[in-house]
Amino acid sequence: MSDSFDVIVVGSGPAGYVCAIRCAQLGLKTAVIERNVASNDQPQLGGTCLNVGCIPSKALLDSSQRYAEAASHLSVHGIGVSGVSLDIAGMMARKEKIVSQLTGGVSGLLKANGITVINGAATLNAGRQVEVSSAGSGNQAYRADHVVLAAGSEPAAIPPAPVDGDRVVDSTGALCFDAVPQRLGVIGAGVIGLELGSVWARLGSEVMMLEAMDQFLPNMDEQIAVESAKIFAKQGLDIRLGARVTNVRVSGDYVEVTYSQGDTTEKARFDRLIVAVGRSPRTAGLFSADSGVTADERGFIFVNDYCATEAPGVWAVGDIVRGPMLAHKGSEEGVMVAERIHGKSAQLNYEVIPSIIYTHPEVAAVGKTEQELKAEGVNYKAGTFPFAAIGRALASGETEGMVKILSDADSDQILGAHVVGPSAADLVQQIVIAIEMAASTEDLQLMVFGHPTMSEAVHEAALAVDGRAVHMVNRTK
Ligand code: NAD
């Protein structure tokens, strides 16, 4: 037995490292085990989000958006630009620098909080014994009063499209192309497909997205999904719905994809293909049969509302448990678990987790969709307001999209908000606060919103719920 701790956290992504920091803040002797190794032989901290997910994709989304604006969107502002060129290597180097700055920051924070970082792959055994195997130092065993599993997720695979890391890549490979593919195929028009498809479309790729479902973004509010689809189509994303990929064949310098759409079978050729069909929990080898931890057939670990597994003192947070695979959901679960380990009765409101697609414009949502309220038989009111009627949006040339607010027709309490448009993520965050404070649309109607701001669309949508938006003609229901 090497060492024992109050808490061992397995995984250093946003769920794990945030949990570990909160544990340490609460005075608990804490260790983090991370299996990824950096080029300097140190543990590669930060998980998917910092290394191959949220952060590098946002770096490329921002760089590619700037390129697209410089190349073709500035003349409307009276700005002529010539000789715009693309330095992919420079763009990638910037992305890598941001990643190492942030992962280095996590390392510094863990150190400053007195957290022990152990490198290796962990397996949880009976009695909260954790066995860690690493190439350098062989096997070591540790024990803790509490173990928090936060091993994250990995890109899901589909049999017809095996990833070869060259012509056919997953979301990780799509973050490091060394040239802009002329024709880019994307399997899956979900969050990752849309974000990475947008990056390469802005840099010049012809992008075709093959989506098996007949409906675009089925979990989003339908009105917002329809509006988003129109915007993305205008941007040149060729999104084929009901397109089920049956075969992928790499041949020399192209990849040929066969897909069925209705009764027809189609073929398409691409220079590169991104497989973005979801993510799977990374639970293989994470716990032994006698650990007391159990998982469903897809690998998601069973937990209660507070992320406690069926094994006493063992918790699981983030992408390896039910709920949306979102960094901020995992982080807050990590905090909740740390507080509970310390004896507090913390809980998380799973009904109020914002979700965002970082396209341009962004698509963001919180709470119930209109179709959910209909299905649940809730007596609701809806108000929408278009950015085209917002002065600041016009001034910025960002007039596409709308804000939609849903509230209970009887109590007026806000139940959901859905936005496609400029700063959608930040606007939805305002409604996250409103819902958590049990605000009504009347509360929003009575608040003073700064002018001229994009936030005025939130104010106007709240007014529109009662047919009293000021800067548009209200339709009576
Ligand atoms: P997703 O579930 O959002 O989308 C995958 C899409 O692929 C679905 O629409 C699905 O119908 C389609 N699909 C599945 N099999 C297919 C097939 N054989 N042929 C054609 N289409 C097929 O998953 P994702 O985009 O891979 O993202 C994975 C996870 O990562 C999600 O949970 C997502 O929330 C999370 N994520 C979040 C963000 C963000 O918050 N901005 C960004 C990236 C990823």
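These are my notebook entries on a few places I looked up in this structure, which is a predicted model.

**Entry 1: strand E13 and its neighbours**

I began with strand E13, which covers residues 254–261. Is this strand mostly covered or mostly open? I found it mostly covered, with 6 of its 8 residues buried.

Next I looked at the partners of E13. Strand E12, residues 243–251, pairs with E13 in the antiparallel sense, and I noted 8 bridges between them. I picked out one bridge to follow by eye: valine 245 has tyrosine 259 in E13 as its partner. The two strands make a hairpin with 2 residues between them. In that turn I found glycine 252, whose phi is positive, at about 60°.

Then I turned to strand E14, residues 264–270. E14 and E13 also pair in the antiparallel sense, over 7 bridges. Which residue stands opposite glutamine 261 in E14? I traced it to threonine 264. E13 and E14 form a hairpin as well, again with 2 residues between the strands. Glycine 262 there takes a positive phi near 60°.

**Entry 2: around the ligand**

How many residues surround the ligand? I have 20 in my notes, and the closest are Ile192, Glu195, Glu211, Gly278 and Ile356. I sorted the shell by kind: 14 residues are nonpolar, 3 are polar and 3 are charged. Helix H5, residues 191–202, supplies the largest share of the shell, with 3 residues.

After that I zoomed in on the ligand's oxygen atoms. Glutamate 211 brings a polar side-chain atom to 2.6 Å from a ligand oxygen. With isoleucine 192, a polar backbone atom is what sits 2.8 Å from an oxygen of the ligand. Glycine 278 also uses a polar backbone atom, and here too the distance to a ligand oxygen is 2.8 Å. I wrote down the areas as well: the ligand taken alone exposes 840 Å², and the protein buries 77% of that.

**Entry 3: aromatic pairs**

I counted 3 aromatic pairs in the structure, and I looked up two of them.

Why does the pair of phenylalanine 5 and tyrosine 142 count as tilted? The ring centres are 6.3 Å apart and the planes meet at 40°, and tilted pairs are those that are neither under 30 degrees nor over 60. Phenylalanine 5 belongs to strand E1 (residues 3–10) and tyrosine 142 to strand E6 (residues 138–149), so this pair ties together parts that lie 137 residues apart in sequence. Phenylalanine 5 counts as buried because its relative accessibility is 4%, and buried means under 20%. Tyrosine 142 is buried too, at 10%.

My other pair joins phenylalanine 216 and phenylalanine 232. Their rings are edge-to-face, 6.2 Å from centre to centre with 80° between the planes. Phenylalanine 216 is in the loop between strand E10 (206–210) and helix H6 (222–234), while phenylalanine 232 is in helix H6 itself, 16 residues apart. I checked both for cover, and phenylalanine 216 and phenylalanine 232 are each buried.

**Entry 4: one more residue**

Last, I looked up methionine 92, which lies in helix H4, residues 88–112. Is methionine 92 buried or exposed? I put it down as buried, because its relative accessible area is 11%. I also took a long distance from here: the C-alpha atoms of methionine 92 and isoleucine 231 are separated by 27 Å, and the two residues are 139 apart along the chain.

Technical notes: Residues are numbered from 1 along each chain as its sequence is written. This is a predicted model: local features need pLDDT of at least 70, side-chain atom pairs count only at pLDDT 80 or more; totals for chains, interfaces and linings use all residues. Side-chain values use heavy atoms; hydrogens and water are left out. Buried means under 20% relative accessible area, exposed over 50%, partly exposed in between (1.4 Å probe, protein chains only). Helices (H or I, at least four residues) and strands (E, at least two) are DSSP runs, numbered from the N terminus. Two strands pair if DSSP finds at least two bridges between them. A residue is near a molecule or strand if one of its heavy atoms lies within 4 Å of it. A polar contact is a pair of N or O atoms within 3.5 Å; within protein, one must be able to donate a hydrogen and the other to accept it, and residues adjacent in sequence count only if both atoms are side-chain atoms. Accessible areas come from the Shrake-Rupley method with a 1.4 Å probe; for residues, only the protein chains shown count as cover. Ala, Val, Leu, Ile, Met, Phe, Trp, Tyr, Cys and Pro count as nonpolar, Asp, Glu, Lys and Arg as charged, and the others, Gly among them, as polar. Rings of Phe, Tyr and Trp (its six-membered ring) pair if their centres lie within 6.5 Å; planes under 30 degrees apart count as stacked, over 60 as edge-to-face and the rest as tilted.
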